[in-house]
Amino acid sequence: MSPRISSRIAAIAESATLAVDAKAKALKAAGRPVIGFGAGEPDFPTPDYIVNAAIGAAAVVSNHRYTPTSGLPELRTAIVNKTKRDSNYDITVDQVLVTNGGKQAVYQAFATIVDVGDEVLLPAPYWTTYPECVKLAGGIPVEVFADESANYLVSVEQLEAARTPKTKVLLFCSPSNPTGSVYSPAQVKAIAEWALKNNIWIISDEIYEHLLYDGATAPSIPVLVPELAEHVIILNGVAKTYAMTGWRVGWMIGPKDVIKAATNLQSHLSSNVSNVSQRAAIAALTGDLVAVHAMGEAFNRRRKLIVGLLNEIPGFECPTPQGAFYVYPSVKGVLGKTIRGKTPTTSAELATLILEEVEVAAVPGEAFGPSGYLRFSYALSDEDIVEGIGRIKKLITEG
Ligand SMILES: Cc1ncc(COP(=O)(O)O)c(C=O)c1O
């Protein structure tokens, strides 16, 4: 008898980040004082001017209808203008496809350019969704790991060592989820030039582009190496920048033939993104960045707070990230120690122990590559950060 679930879909792992978040939320709903560092979303409400645009849009009958798969023309134009404003990258409307969140853009980018047997270089630690999308497209994810001593940033030498005749794509994400690390412009340029020389595509995930600290910058790859533009797909969205994770608006930018092919795929998958959400995204992208900078200031304060607190825990080693809203300490110094009668030997076991014993949720490194790490999102209040990391410190130091 053939299996009930196809082998392709059965092979997909549950999103570990969403699973941890769901577990923490369930405990919270049951009245437990859980502190969740698992979620990958800002804790702020969407700014009012964006919400109001959506409220107005809900009453307009044309927004009740199907619209073009590729997105509302006004939104695609807003994305063209925003890309010029924020990245100084000149593109045309037919290089833009509006997607149901950045996640759909990730899926469609791999589905559009990866063939069966193609290898995709995946700098690790990587966002948990990438390898699943590569595999669904028939590709082979090839992990290239950089640890805390390298600030989790891979070098050209490492990429070159992993390259084979089957290498088609490099996934690039800076600022990074899960580490918050940011490549310097010189590193980005070196990687892009290496890709150009070796005929390798780059899928560049820019979703955290506005969340940068300590003067860090995140230049867009085709601006640094314009000759690569025909082989670059940029992924982006409003979720992280404007606290709009629930609205589900993202986009792909790429060469026209790629965008056309990806649009064909989306036309059979999900058609147009909700028009009310697209109208909200237009308000976000055509407005200023004042609210974004205010959120960024709060994140910056919390970043310093959490890095300081984590580095006080014996056995934790936390580099200071320059972007996004995650920190990624190594917890290898704790593994193998006995805590409340249990001896975790992997970060997954340690995360379970921490959740069970002191009701604090963090995502184990296994979700993003090698064991030995925990990801903490610091998109939560200063008080919760102090309380949550304090509980872990007490657990680890007192056993
Ligand atoms: C690196 C990265 N890319 C893309 C996304 C997709 O975001 P969304 O689908 O909410 O727009 C996320 C969300 O967690 C992310 O962390």
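# Exercises on a two-domain predicted model

The domain assignment splits this protein into domain 1 (7-45 + 291-398) and domain 2 (48-286). The model is predicted.

**Exercise 1. Describe the contact between domain 1 and domain 2.**

Solution.
- Start with the separation. The centres of domain 1 and domain 2, taken over C-alpha atoms, lie 26 Å apart.
- Next, count residues. Domain 1 brings 36 residues to the contact, and domain 2 brings 34 residues.
- Then list the elements on the side of domain 1 that touches domain 2. Helix H2 (16-29), helix H12 (290-311) and strand S9 (326-327) each give two or more residues.
- Pick out the main contributor. H12 gives the most to this side, with six residues.
- Finish with the classes. This side of domain 1 has 21 nonpolar, 10 polar and five charged residues.

**Exercise 2. Work out which strands stand at the edges of the sheet S9-S12-S11, and why one side of each is left without a neighbour.**

Solution.
- Read the order. Three strands form an open sheet, S9-S12-S11, with antiparallel pairing.
- Apply it to the ends. S9 and strand S11 (363-364) each have a single partner strand, so one side of each is left without a neighbour in the sheet.
- Check one pair. S9 and strand S12 (residues 374-377) run antiparallel and are joined by two bridges.
- Set the register. Tyrosine 326 is opposite serine 377 in S12.

**Exercise 3. Lay out the open sheet of seven strands.**

Solution.
- Write the order: S2-S8-S7-S6-S5-S3-S4, with mixed pairing.
- Mark the edges. Strand S2 (96-99) and strand S4 (140-145) each pair on one side only.
- Add the twist. On average, neighbouring strands of this sheet are turned by 20 degrees against each other, direction ignored.
- Take one pair. Strand S3 (residues 119-124) and strand S5 (residues 167-173) pair in the parallel sense over three bridges. Glutamate 119 has threonine 167 in S5 as its bridge partner.
- Place a helix. Helix H4 (residues 73-87) lies across S2 and strand S8 (250-253), at about 115 degrees to S2.

**Exercise 4. Characterise the packing of H5 and H6, then the part H5 plays in the shell around the ligand.**

Solution.
- Choose the descriptors. Two packed helices are described by the angle between their axes and the distance between the axes.
- Fill them in. H5 and helix H6 (residues 129-136) pack at about 35 degrees, with axes 8 Å apart. The crossing is right-handed.
- Name the residues. Lys103, Val106, Tyr107 and Phe110 in H5 meet Thr129, Tyr130, Cys133 and Val134 in H6.
- Sort that contact by class: six nonpolar, one polar and one charged.
- Turn to the ligand. Helix H5 (residues 101-113) gives the most to the shell, with four residues.
- Find the nearest residues. Of the 14 around the ligand, these are Gly101, Gly102, Lys103, Asn177 and Ala239.
- Sort the shell by class. It has five nonpolar, seven polar and two charged residues.

**Exercise 5. Find where the backbone has cis peptide bonds and a positive phi at a residue that is not a glycine.**

Solution.
- Recall the usual case. Most residues other than glycine have a negative phi, and most peptide bonds are trans.
- Find one cis bond. Alanine 124 and proline 125 are joined with omega about 5 degrees. Proline 125 sits in the loop between S3 and H6.
- Find another. Asparagine 177 and proline 178 share a cis bond with omega about 25 degrees. Proline 178 is in the loop between S5 and helix H8 (185-197).
- Close with phi. Asparagine 151 has a positive phi of about 55 degrees. Its place is the loop between S4 and helix H7 (156-162).

Notes:
Residues are numbered from 1 along each chain as its sequence is written. This is a predicted model: local features need pLDDT of at least 70, side-chain atom pairs count only at pLDDT 80 or more; totals for chains, interfaces and linings use all residues. A residue is near a molecule or strand if its C-beta atom, placed from the backbone, lies within 6 Å of it. Ala, Val, Leu, Ile, Met, Phe, Trp, Tyr, Cys and Pro count as nonpolar, Asp, Glu, Lys and Arg as charged, and the others, Gly among them, as polar. Axes are lines fitted to C-alpha atoms, for helices over the stretch in contact, and angles run from 0 to 180 degrees between N-to-C directions. A crossing is left-handed if the near helix is turned anticlockwise from the far one by less than a right angle, and right-handed if clockwise. Two residues are in contact if their C-beta atoms, placed from the backbone, lie within 7 Å. Domain bounds come from an automatic or database domain assignment. Two strands pair if DSSP finds at least two bridges between them.
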